[in-house]
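Here is a friendly walk through one protein model, from the whole chain down to single side chains. Please keep the structure open beside you as you read.

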Amino acid sequence: MKKDWGLMITAIGILLLIPRPVMAGESGAVGPDGQPIRLKPGECWTSPWAGYAEVLDTGKLKSREDGTLEAVEPGETEILVRYTVRIENNDAEEPVNEEDEKSEPEVPEKEEVEEELHSIGRPYEVQDSSCPVLTMKNLEDLSSNACAVAPEVAIEDDHLDTGFLRIHLQGKRQGTLTPVFARKEGERQMTLSFAPITEDDEYTLRLEAKDLFGNCTEKTWMFTVNQNGTRFYYNGEGEKVTYSKEFVPRIQWENPDEIQVVSCTVNGKEVRCTIKEGEIYVDREALETGKNRIILVVRDGAGNLTKMEPWEFMIEEEEEEPDSGIEVQEPLEQESQKAFPWEGVFLISGSSLMLAEHRKKIRRS
């Protein structure tokens, strides 16, 4: 085993220079003389272990940037100093090579320095500001699924807190549900495998995880399970009902996904229809007097093609107005014609017989 003896001697010297650590007693943290260190709120104390001590209750005693400890409020707390002791195996000593002694000492790498500092008693602080990564392995967000789904989520982090996990599963129609899942823990990873979700509905799955440093991640996925397609509702379902000519057919539907009308026929003829406020309106002008038959075909976001059962109903015939038997009189001669009667006068002009017309002049008194 190759070892730099100069570095080991330096480490032993540092250990001898570090004062005796604070021990925990029945009355709390004690000083070197066995008595508690007494401070008043606002007072500061320069600890010989500045930078290496851990305060158990930071609400009563806090560390300042200059390395001193400041009293915050009355009470009692403890400070701990941790040491790491390494026991070396000295059974077999390697021979000293004169060429190694003459060579210049190598500059240790950063990782080696941190490891050495850790071995001589300095706390090894890990700075971790990264959050856990949550990944859905077999399901896309905002997806429509024509079959049952079994979500599988992977949670990854270097310092994952496996004891903390929040899961929320909700269906739009069913409300809050109890998630059923199995968990598998590995190195820096935890996998959640959920039981199959079979009920047709719109679902929201929310997951929250954190690491040992308090970094938290929350993620939400939305998806639908749509195995049965579209269900239709209309007036007089299953019955033959008679309506007036002013009747406008309206059809409602139920589906976890958005739908698109593929075909709409009235009495076998393709007609126009519109979707408005959750209802499908069929063109009234396409209806005929007597029996009518409407068939609708739609496609949803999951790819299901659904054909509606025929809707049959009657449109009543228009009744003719009955004859009242009253004779209709011709309009009377206008008064102006009465006031100015015509009289005819035959005139002979050459060999032609002409009819001259003139009005009688009526004097008004």
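## The whole chain

Of the contacts in the protein with a separation of 6 or more, 60% are between residues 24 or more positions apart. Please bear in mind that this is a predicted model. Its secondary structure comes to four helices and 28 strands.

Of the 365 residues in the protein, 27% are buried. The protein exposes about 26,700 Å², and carbon and sulfur atoms supply 48% of that area.

## An aromatic cluster around Phe247

Let us turn to the aromatic rings. The structure holds eight aromatic pairs. One of them joins Phe247 and Trp311, whose ring centres are 6.3 Å apart and whose planes meet at 90°, an edge-to-face arrangement. This pair links distant parts of the chain: Phe247 is in the loop between β18 (241-243) and β19 (250-254), while Trp311 is in strand β26 (residues 311-315), 64 residues apart. How accessible are these two residues? Phe247 has a relative accessible area of 12% and is therefore buried, since the limit for that class is under 20%. Trp311 is buried too, with a relative accessible area of 1%.

Phe247 forms another edge-to-face pair, with Phe313, at 5.5 Å centre to centre and 80° between the planes. Here again distant parts of the chain are linked, with Phe247 in the loop between β18 and β19 and Phe313 in strand β26, 66 residues apart. Phe247 and Phe313 are both buried. The cluster that holds these rings is made up of Tyr234, Tyr243, Phe247, Trp311 and Phe313.

## A four-stranded sheet

Next comes an open sheet. Four strands make it up, in the order β17-β19-β23-β22, and their pairing is antiparallel. At its edges are β17 (231-234) and β22 (273-276), each of which pairs on one side only. On average, neighbouring strands of this sheet are turned by 30° against each other, direction ignored.

At one edge, β22 runs antiparallel to strand β23 (residues 279-282), and four bridges join the two. Which residue in β23 is the bridge partner of Ile275? The partner is Ile280.

## Strand β11 and its partners

Now follow strand β11 (residues 166-171). Six bridges join β11 to β15, and the two strands run antiparallel. β11 also pairs in the antiparallel sense with strand β12 (residues 175-177), over three bridges. A hairpin of three residues connects β11 to β12.

Leu169 is a handy residue to select here. Leu169 stands opposite Leu205 in β15, and Leu169 also stands opposite Leu177 in β12.

## Glu208, Lys210 and Cys216

Glu208 is part of strand β15 (residues 201-210). Is Glu208 buried or exposed? At 16% relative accessibility, Glu208 counts as buried, because the class takes in values under 20%. Leaving aside neighbours within four places in sequence, Glu208 is in contact with Phe164, Leu165, Arg166, Cys216, Thr217 and Glu218. Phe164 has a charged visitor as well: the charged end of Lys210 sits over the ring of Phe164, 4.7 Å from its centre.

Cys216 lies in strand β16 (residues 216-225). With a relative accessible area of 36%, Cys216 is partly exposed. Neighbours within four places in sequence aside, Cys216 is in contact with Cys131, Pro132, Glu208, Ala209 and Lys210. The C-alpha atom of Cys216 is separated by 10.0 Å from that of Leu160, and the two residues are 56 positions apart along the chain.

## Two residues with positive phi

To finish, here is some backbone detail. Most residues other than glycine have a negative phi. Leu142 has a positive phi of about 60° although it is not a glycine. Leu142 lies in the loop between β8 (133-136) and β9 (143-145), and is exposed, with a relative accessible area of 66%.

Arg188 likewise has a positive phi, near 60°, in a residue other than glycine. You will find Arg188 in the loop between β13 (181-186) and β14 (189-194). Its relative accessibility is 51%, so Arg188 counts as exposed, the threshold being over 50%.

How values were computed: Residues numbered from 1 in each chain as written. Predicted model: local features only at pLDDT ≥ 70, side-chain atom pairs only at ≥ 80, totals over all residues. Heavy atoms only, no water. Phe/Tyr/Trp six-rings, centres within 6.5 Å; stacked < 30°, edge-to-face > 60°. Buried < 20%, exposed > 50% of the residue type's maximum accessible area, 1.4 Å probe, protein only. Lys NZ or Arg CZ within 6 Å of the ring centre and 35° of its normal. Contact = heavy atoms within 4.5 Å. Pairing = 2+ DSSP bridges. Axes fitted to C-alpha atoms, helices over the stretch in contact; angles between N-to-C directions. Areas by Shrake-Rupley, 256 points an atom, 1.4 Å probe, with all protein chains shown as cover.
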